[in-house]
Amino acid sequence: MTNPSVFRRLVPIVASLAVLHFLSPALVAQQPTLAAASALRAFPSDSAVLAIIKQRVEEQRSAGIVVGILEPDGRTRIVAFGDPGPGQPPLDGNTVFEIGSISKVFTSTVLAELVKEGKVKLEDPVQKYLPANVHVPARGGKQITLGNLSEQNSGLPRMPDNFHPKDPANPYADYSVQQMYDFVSGYQLTRDPGEKFEYSNLGVGLLGHVLSLSAGQSYEQMEKKRVWDPLGMTRTAITFTPWMKEHLALGHDDKGAVVANWDLPTMAGAGAIRSTTVDMLKFAAANLHPERGKLQQAMAFAHDERASAGGPNVSIGLNWIVLHAGTDTIVWHNGGTGGYRTFIGLEPSRKTAVVVMTNTSGAGADDIGMHLLDPALPLAPKPVPPKQRTAIELPADVLSRYVGVYQLAPKFTLEITIRDGALYMHPTDQATLRLWPETELDFFLKEVDAQVTFVRDAQGTVTQLVLHQGGQNMPAKKAAAP
């Protein structure tokens with residue numbers, strides 16, 4: 001659920017509330033120079049993998065990490081290091097993690113299986129599977145299809161704008177089906193379905209919902225019957241069992257504090273699943289062997305490239321991201337919730353896979369997984385810690401000068417408002433964040449390393465702001481008052 005991704009929008013402003021997906025931005029830039037992989041290339045030894053994850057933990061970039069490797073001959077290896085959280089057993093292959101947006105490829109696995117069985121079609125309008133009083137938006141004579149939802153080009157936004165959690169520590173818990181229906185029914189598409197890739201938690205949450213309606217089961221029951229039980233994934237669920245609670249790696253925020261687990265009753269298909277590295281390796285192996293049965297054939301069907309995913313050499317199947325790196329093809333996805341970052345990557349030509357599970361929301365797991373699959377993809381360096389900033393008090397009449405809508409891109413604005421004597425910023429389709437004053441013109445965010453500077457003309461009128469994030473300084477002109 002954040003926006004620093006290989007498919008990032010112009011502005012990667014995010015609050016932890018939106019995180020279900022966390023794709024690495026470095027991959028696009030690296031793709032053209034990647035060397036071809038050898039079919040005989042071996043994974044690093046356990047000691048070498050341990051050295052990588054131990055350094056990551058000792059640098060306090062993650063509390064704990066478990067890496068699972070699937071060798072070409074089907075053997076598996078698991079390497080673990082770090083802190084599972086107070087009172088929990090040591091990390092190992094049976095430690096439970098929230099897998100976040102990796103849930104999306106479980107959703108598309110069921111979709112692919114239903115397509116193969118002739119029970120649904122990718123071309124089916126989503127409207128077909130929803131109650132008559134729900135009106136899915138259309139544009140240009142095109143309806144949103146099941147395929148559009150799984151190819152991330154439905155035209156629906158990343159998050160609904162009626163997403164206002166009562167508990168920021170468990171943000172999706174109180175978002176209801178009726179709220180999702182209300183948003184979808186009232187939303188006007190800004191582009192035709194299928195026109196452009198834009199990652200949408202809402203879209204895949206809706207996909208999981210309509211598939212469960214079609215199946216006449218809850219999302220969890222559907223996944224258990226169709227995927228987890230057939231693959232022997234006995235430690236995978238949405239609802240915690242007592243055993244899963246006992247073996248849970250407690251999630252941590254980027255400052256190392258233990259945080260609450262997330263519940264996603266309405267948008268389960270976008271990120272609700274919990275699993276272990278052992279079970280995820282079973283899932284990975286099934287994805288690499290279509291000869292083993294109908295479920296595995298459906299999984300391979302879900303890998304087929306269907307649309308652009310917004311970057312060179314990157315496309316999308318049914319929620320699976322497909323990266324072409326030299327002669328390598330890596331099929332992958334990742335995930336993130338309030339206290340976890342996870343990764344699964346497959347190399348179908350070599351019948352190999354890597355799973356990385358971490359129990360910290362700060363640093364991602366993508367670079368470790370990608371590096372193990374292809375050494376030409378480097379590990380991410382330790383990030384430079386953000387500057388420590390101190391907030392000051394500003395009077396209401398000063399803050400009121402900044403209120404307005406600032407146009408950062410044709411379809412992306414930053415709306416500045418005042419609430420309870422404080423300044424807030426609402427980026428398009430994202431959570432509202434508080435701006436803390438550092439000087440009269442300079443403000444900062446606490447959720448992410450980003451700052452805003454307001455600019456005045458010679459008469460003292462605020463005319464624009466500049467967003468500082470990720471080494472970029474992005475100006476946004478203030479729109480004229482209506």
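This passage describes a helix, a run of paired strands, several aromatic contacts and two backbone features in a predicted model.

We can start with helix 6, which covers residues 201–215. Its 15 residues should span 21 Å at 1.5 Å a residue, and the end C-alpha atoms are indeed 21 Å apart, so expectation and model agree. The helix is mostly covered, with 12 of the 15 residues buried. The buried set runs through Asn201, Leu202, Gly203, Val204, Gly205, Leu206, Leu207, Gly208, His209, Val210, Leu211 and Ser212. What do these buried residues pack against? Their partners are helix 3 (103–116), helix 4 (146–150), helix 5 (177–186), helix 7 (219–228) and helix 9 (268–271). Both ends of helix 6 repay a look. At the N-terminal end, Ser200 acts as a cap, with a side-chain oxygen 3.4 Å from the backbone nitrogen of Leu202. Just after the helix, Gly216 adopts a positive phi of about 70°.

Next come three strands that are joined by hairpins. Strand 13 (residues 404–409) pairs with strand 14 (residues 412–419) in the antiparallel sense, through five bridges. Within this pairing, Gln407 has Thr413 of strand 14 as its bridge partner, and two residues separate the two strands in their hairpin. Strand 14 also pairs with strand 15 (residues 422–427), again in the antiparallel sense, here over six bridges. Ile416 stands opposite Met425 of strand 15. The hairpin made by strand 14 and strand 15 likewise has two residues between its strands.

The turn of that second hairpin leads to the backbone features. Most residues other than glycine have a negative phi. Asp420, in the loop between strand 14 and strand 15, has instead a positive phi near 55°. Is Asp420 buried or exposed? Asp420 is exposed, since its relative accessible area of 78% lies over the 50% cut-off. Gln60 provides another case, with a positive phi of about 60° in a residue that is not a glycine. Gln60 is found in the loop between helix 2 (46–58) and strand 1 (64–70), and with a relative accessible area of 70% Gln60 is exposed.

Aromatic side chains make up the next part of the picture. A pair of rings is described by the distance of the centres and the angle of the planes. The model contains 12 aromatic pairs. One of them joins Phe283 and Trp320, whose ring centres are 6.3 Å apart and whose planes differ by 15°. Why does this pair count as stacked? The angle of 15° is under the 30 degrees that sets the limit for stacking, so the pair qualifies. Phe283 belongs to helix 10 (residues 277–287), while Trp320 sits in the loop between strand 8 (314–316) and strand 9 (321–325), so the pair ties together parts that are 37 residues apart in sequence. Phe283 and Trp320 are both buried. Elsewhere, Phe163, Tyr172, Tyr175 and Trp262 form one aromatic cluster.

Two tryptophan rings also have a charged side chain over them. Arg235 lies over the face of Trp243, at 3.8 Å from the ring centre. Similarly, Lys446 places its charged end over the ring of Trp436, 3.5 Å from the centre of that ring.

Technical notes: Residues numbered from 1 in each chain as written. Predicted model: local features only at pLDDT ≥ 70, side-chain atom pairs only at ≥ 80, totals over all residues. Heavy atoms only, no water. Helix = DSSP H or I, 4+ residues; strand = E, 2+ residues; numbered from the N terminus. Expected span 1.5 Å × (residues − 1). Buried < 20%, exposed > 50% of the residue type's maximum accessible area, 1.4 Å probe, protein only. Contact = heavy atoms within 4.5 Å. Polar contact = N/O pair within 3.5 Å; in protein donor to acceptor, adjacent residues only side chain to side chain. Pairing = 2+ DSSP bridges. Phe/Tyr/Trp six-rings, centres within 6.5 Å; stacked < 30°, edge-to-face > 60°. Lys NZ or Arg CZ within 6 Å of the ring centre and 35° of its normal.
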